[in-house]
Amino acid sequence: MTTTPSLDIRERYQEKYGFHDSDQYVFRSRRGLDAEIVSQISEMKGEPAWMRDYRLKALEIFERKPLPTWGGNVADIDFQNIYYYVKPTSEEAKSWDDVPADMKRTFDKLGIPEAEQKFLSGVGAQYDSEVVYHKIKESLEKQGVIFLSCDQGLKEHEELFRQYFGTVIPSTDNKFAALNSAVWSGGSFIYVPKGVHVDVPLQAYFRINTKDMGQFERTLIIVDEGAWVHYVEGCTAPIYASDSLHSAVVEIIVKPGARCRYTTIQNWSNNVYNLVTKRAVAYRDATMEWVDGNLGSKLTMKYPSVYMMEPGAKAEILSIAFAGRGQHQDAGGKVVHAAPHTSSKIVSKSISKDGGRAGYRGPVKVVKGAHDCKSTVNCDALILDEASRSDTYPDMEIEENKVTIGHEATVSKIGDEQLFYLQSRGINKDEAAAMIVSGFIEPIVKELPMEYAVEMNRLIQLQMEGSVG
Amino acid sequence: MSHVPELAVKNLHVAVEGKEILKGLSLEVRKGEIHALMGPNGSGKSTLANTLMGYPRYEVTSGEILFKGKSVLEMEADERSRAGLFMAFQYPVAIPGVSVANFLRTALNARRAVQDANGTGAMPVGKGIPPKEFRALLREKMALLHMDESVAGRYLNDGFSGGEKKRAEILQMAILKPEIAILDETDSGLDIDALRVVAEGVNALVGPDLGVLIITHYQRILNYVKPHFVHVMVDGQIQISGGPELALKLESLGYDWLREGKEVTTP
C-alpha cells in the first residue's frame, strides 16, 4: 500500500532500448570474412587503392594474430558468422529532412531531435554501418571545423586523412585493431583547426540494428594547436539472441596546447562483445581526457590510453563500469609518460552485482628520461552481493626515479548502516541502494553532459531495481 | 491528552545478537509533548531509539510498539518514516556523492507519493515537489538553523564536523515534518554554541503537531529545551519518571543514586 512511485524504466525498457525497426538495406555483404569481402567493402565505398590495400594487409595481420588470452573470454566469437558490412541507404543524408522515416522513428525513440534542439551543434548518427544523418552547424563550418563520417572524411579530405589514419593505432597493434582496419565503416572524422574552441559537444549516436551484424566504426580526431573539442558518443542496442561483435578503433591526435575530451556511454545489449581500442597522443602542453562509461555488453575489453609525447602533456581518464548478470567488464585506462614533466590521473569506479564481474586494468608506464612525471591512480570497486566479483590489475612500469606515482584502490559493499539511514528518511530500500550507487559514481557522472548524466543515473536505477532484499 | 498516544511502547523486550538489552520498557509520547529519556551508558537508550525506527538487526522478542494505534513491528524503517516517525542519529553516516539537497528532495517526494496514494494529497504520483518550492523550503529551514546555503550542495554528512552533522539531522526533521521525533544523543559531541543552535532549532519546531523524545546522557541540552517529562533508564527499563526537576536531581546526584536502588518508584 505504501510504496514510492514505481520507476517505470523497466516497463518501458523494451520500448526504449529493445526495439528494432524493420531491416531495409540497400546492400549487405555475405556473412564471414575473406579478402573478397574486404575488397568488396572498399569497392562499394569507392575508396582509393591505398585504402583497399591497407584493408587487405590488415586482414592478413588479423588472420595471423592469436586471440588474446587475458582479459575476458573471446574464444566463442564466430568470426565467419558475422556480416561485416551493411549499407542501409544509398545516399548519406545531408539534412534531417532527408533521413528516411523509419530511421527517424528510431531516432525519435532515442530522443535525438529533442536533444538536438537543446544541445547539439552537429549530430553524426550512425545507423548500422553507415552514417545516415550528419549535420554541422554553420558556425562550425565557418570556423573550419570538419565533422564528417569517417568514410566521408576519406572522400573529401583524403590528404589530411591519410596523413593521420593508422598512425596512433596501427593494424599490427592487436587482433581487433587489425579486424577493424580491414572492415571499418562509419565512425567520425573530426578536424579542429588551430586555436578554434568548439564550445558545444559534438555528438554521435549509434546502434546495432541487424541480427549478427558487426559494428566496426572508425574514428579519427585531430585537434590542431591550441584548439579545443569535446566529442560524445553514446550507444544503445536492441536485444538479440545471438552474439554480436562491436570492435571499434578511435585514434586521437592532440597537438601542442590543444585539449580534447572524449566521452562514451556504452550500453550495448548483453550479448555484444565490445572490444575497442582507443588511444590518443598528446603533445607539448596538450590535454587529453577520456570519460568512459560501460553499462552494457556481454564482455567489454576497453582501456582508453594516452601517450604523452612531449613535456607538459596531461592525461585524465575517468571510467565507470557496471557489471550485472552474465556481464564481464574489463575496463580501465593506460597512460604512457614518454616525456618529462607530464602528468596523468586515472579514476576508475566499478560496480558488480548478480554475479557480474568488473575488472580494472591500468598500466602506467614511465619511460627512461621522463623525469618529473606525476601519476595518480584511484580505483574503487563496489560489490553488491556475494556472487559478484571485482578484480584489480594495476601494472606499473617505471624506468625513471624522479617521479611521483600514487595508487589507491578500495573495495566496498553497500553498508547496512547507509541503507538504514536512508530508509529512516522514508526512502525505500531499492531506491536507497540506487542512491548509494549513484553517489559512488557521482564524481565521474558530474563530468558528463547533463543529458548523459541523467540517462546514466536512470540506467543505474534500472539496474538496481529489486537488487537488495 | 486523553487521545490515543501517537507513540506507545508496551513492555518491550529487545535482543541484540542474542543478548537481551531492553527488558520490558514502556513509554508513551503524544504530539505536543517533550520527553527526555536519560540514563547511564549501556542502559539501552540508543537500542530503544534504533528499535523504534526499525533497525533490522535488533530483534523485538516480546512487547509492542504502536504508532498512532497501529503496530509498526512488521514495518520497515522507510514505512515508519513515511507514517510520521523520525530519528535524529547519534552517528549519522556519510553518503558520498549524494548532495544534501538531492537527498532531501528524494525523501520529501517519497512522502508525497504516499500521501497521494492515500488520496490525501493533491500531488500526482511521480510528479514530486516543484524545484522552486523545494528550494524555498530548504532555504527557509536552513536559515532557521543558521546553516550556510552551501551545505545544500555538499555530499550528505561527508566530511561534516560533529556540529554540522547534528544540525543536518535537525534540518531533515524540519523538512520532513514528523509527528514524533526521537533525538538520539543529539547533544553529544557539540560545543556550547552548536548545542544552542541545535536546541533553538528543536524549540522552533516543537508545538502541538510534534512530539519529541530526547535521548541524552547529560542534562545539558535540557537547559535549552524544556521537557515536560523526564524518564530515567537503567538496565533496559525505565526506573523512574517525573517532571523537569528529575533531571536536575540527576545532575547533582548522578546515576549511582538510582543504581543503589534508593527512592525507586515505578512509573
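Why these labels apply

Me: Why does A:Cys260 count as buried?
Reply: In this predicted model, A:Cys260 has 0% relative accessibility and therefore counts as buried, a word reserved for residues under 20% relative accessible area, with exposed meaning over 50% and partly exposed in between (1.4 Å probe, protein chains only). Local features here need pLDDT of at least 70, side-chain atom pairs count only at pLDDT 80 or more, and totals for chains, interfaces and linings use all residues. Residues are numbered from 1 along each chain as its sequence is written, and side-chain values use heavy atoms, with hydrogens and water left out.

Me: What makes A:Cys379 buried?
Reply: Its relative accessibility is 4%, so A:Cys379 also falls in the buried class.

Me: How many disulfides does a search of the whole structure find?
Reply: The search finds 0 over all chains, where a disulfide is a pair of cysteine sulfur atoms within 2.5 Å.

Me: Why are β3 and β8 of chain B said to pair?
Reply: Strands pair if DSSP finds at least two bridges between them, and β3 (residues 34–38) and β8 (residues 211–216) of chain B share 5 bridges in the parallel sense; strands are DSSP runs (E, at least two residues), numbered from the N terminus. Within this pair, B:Ala36 stands opposite B:Ile214 in β8(B).

Me: What makes β6 and β10 of chain B edge strands?
Reply: The open sheet has 6 strands in the order β6-β7-β8-β3-β9-β10 (chain B), with mixed pairing. Strands β6 (85–88) and β10 (237–242) of chain B each pair on one side only.

How values were computed: Chains lettered and ligands numbered in written order. Helix = DSSP H or I, 4+ residues; strand = E, 2+ residues; numbered from the N terminus.
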